[in-house]
Amino acid sequence: MPTRPVIEVTELRKSYAGRPAVDGVSLAVEEGEIFGILGPNGAGKTTTVECVEGLRVPDSGRVRVTGLDPVTEHEATRRVLGAQLQESELQAKITVREALELYSSFYPSPLDWRPLAERLGLTAKLTTRFAKLSGGQKQRLFIALALVGNPRAVVLDELTTGLDPRARRDTWELIEDIRANGVTVLLVTHFMEEAQRLCDRIAVIDKGRVAALDTPAGLIRRSAGATVISFTPSAPLDDRDLNALPALASVAYKDGRVTLSGTDETVNAVITLLARTRVTAHQLRVTDATLDDAFLDLTKEAAA
Ligand SMILES: Nc1ncnc2c1ncn2[C@@H]1O[C@H](COP(=O)(O)OP(=O)(O)OP(=O)(O)O)[C@@H](O)[C@H]1O
């Protein structure tokens, strides 16, 4: 029997001063998923998740979290949906232990915060005041506070922004760990590598709408330049020959190197072109496009 999605957003709309920030977003997050929301600045990602959290009231559309309306059933929603705090929401002088105890007291059946603090590497910091924590330690505390209520799902908005590469990787492991413990994760991120590595499915939001919704591999496959071929030619190639290649999505030259994106058909045609013009391709590489490439392709009209 199909299970009901943990988070359901249907035709969500929200305007600020008459300007639509979210303009008909629909998505459903299934139990146990890590679901990513990706999009350019100002695309409407935070507004969408704030409606899911019940922090904003939609103009129209429907939002449900385990069947609950986050606005009219706010308290009940808070018990099933853990939300990451903003930095301004914690007092500078509160210690890690006090924050964990305080937030545990808000929930009817909280987790024991001690093993949670241990799992998040916060045990040595229990008596440290919030203001004295490093950026990575603050993020860990925010994750702990989002999880301490023992929620079924958690919303994490730009969790790793500002972290160094090691702290970011540690945080990714934590998110995988959270999911392994049965918690559904809704993740807003700007980092393609993060989305590609962590998310089961991603909604690309652009100008308040869902531009694409698929697995990371599916998003790459559906972008125009899914295959990338690059090489350094032994002699210059004719621009017209390159631009006439079938299914060509992009062509770029840099430091004597040619990089083309397209499909397998493009690759075969390049190889034929090289043979015909007797040009040798040095350091020829054929790779799949990255999520970065797919993202730029899926949102390119916004930048145009
Ligand atoms: N409280 C507000 N009052 C007025 N306009 C707002 C408010 N919050 C957001 N907006 C506007 O709504 C649009 C969507 O903002 P939102 O924060 O949802 O985007 P985002 O995708 O999360 O962006 P970012 O990646 O930059 O965080 C933006 O144009 C923003 O300026």
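**Reading a helix pair, a ligand shell and two domains**

Author: Helices α3 and α5 are roughly parallel to each other, and this should be read as a feature of a predicted model.

Reader: At what angle do the axes of helix α3 and helix α5 cross, and within what distance do they come?

Author: Angles under 35 degrees count as roughly parallel. Here the axes of helix α3 (residues 96-105) and helix α5 (residues 135-147) cross at roughly 20° and come within 9 Å, and α3 passes α5 in a right-handed crossing.

Reader: Which residues make the contact, and how do they divide by class?

Author: From α3 the contact takes V96, A99, L100 and Y103, while α5 supplies L141, A144 and L145. By class, this contact of α3 with α5 holds seven nonpolar residues, with no polar and no charged ones.

Reader: Turning to the ligand, which residues are around it, and which helix gives the most to that shell?

Author: Around the ligand are Y16, A21, G39, N41, G42, A43, G44, K45, T46 and T47. Helix α1 (residues 45-52) gives the most to this shell, with three residues, and the shell as a whole divides into three nonpolar, six polar and one charged.

Reader: How is the chain divided into domains, and how far apart do their C-alpha centres lie?

Author: The chain is divided into domain 1, covering 7-215, and domain 2, covering 224-288, and the C-alpha centres of domain 1 and domain 2 lie 42 Å apart.

How values were computed. Residues are numbered from 1 along each chain as its sequence is written. This is a predicted model: local features need pLDDT of at least 70, side-chain atom pairs count only at pLDDT 80 or more; totals for chains, interfaces and linings use all residues. A residue is near a molecule or strand if its C-beta atom, placed from the backbone, lies within 6 Å of it. Helices (H or I, at least four residues) and strands (E, at least two) are DSSP runs, numbered from the N terminus. Ala, Val, Leu, Ile, Met, Phe, Trp, Tyr, Cys and Pro count as nonpolar, Asp, Glu, Lys and Arg as charged, and the others, Gly among them, as polar. Domain bounds come from an automatic or database domain assignment. Axes are lines fitted to C-alpha atoms, for helices over the stretch in contact, and angles run from 0 to 180 degrees between N-to-C directions. Angles under 35 degrees count as roughly parallel, over 145 as roughly antiparallel, 65 to 115 as roughly perpendicular and the rest as oblique. A crossing is left-handed if the near helix is turned anticlockwise from the far one by less than a right angle, and right-handed if clockwise. Two residues are in contact if their C-beta atoms, placed from the backbone, lie within 7 Å.
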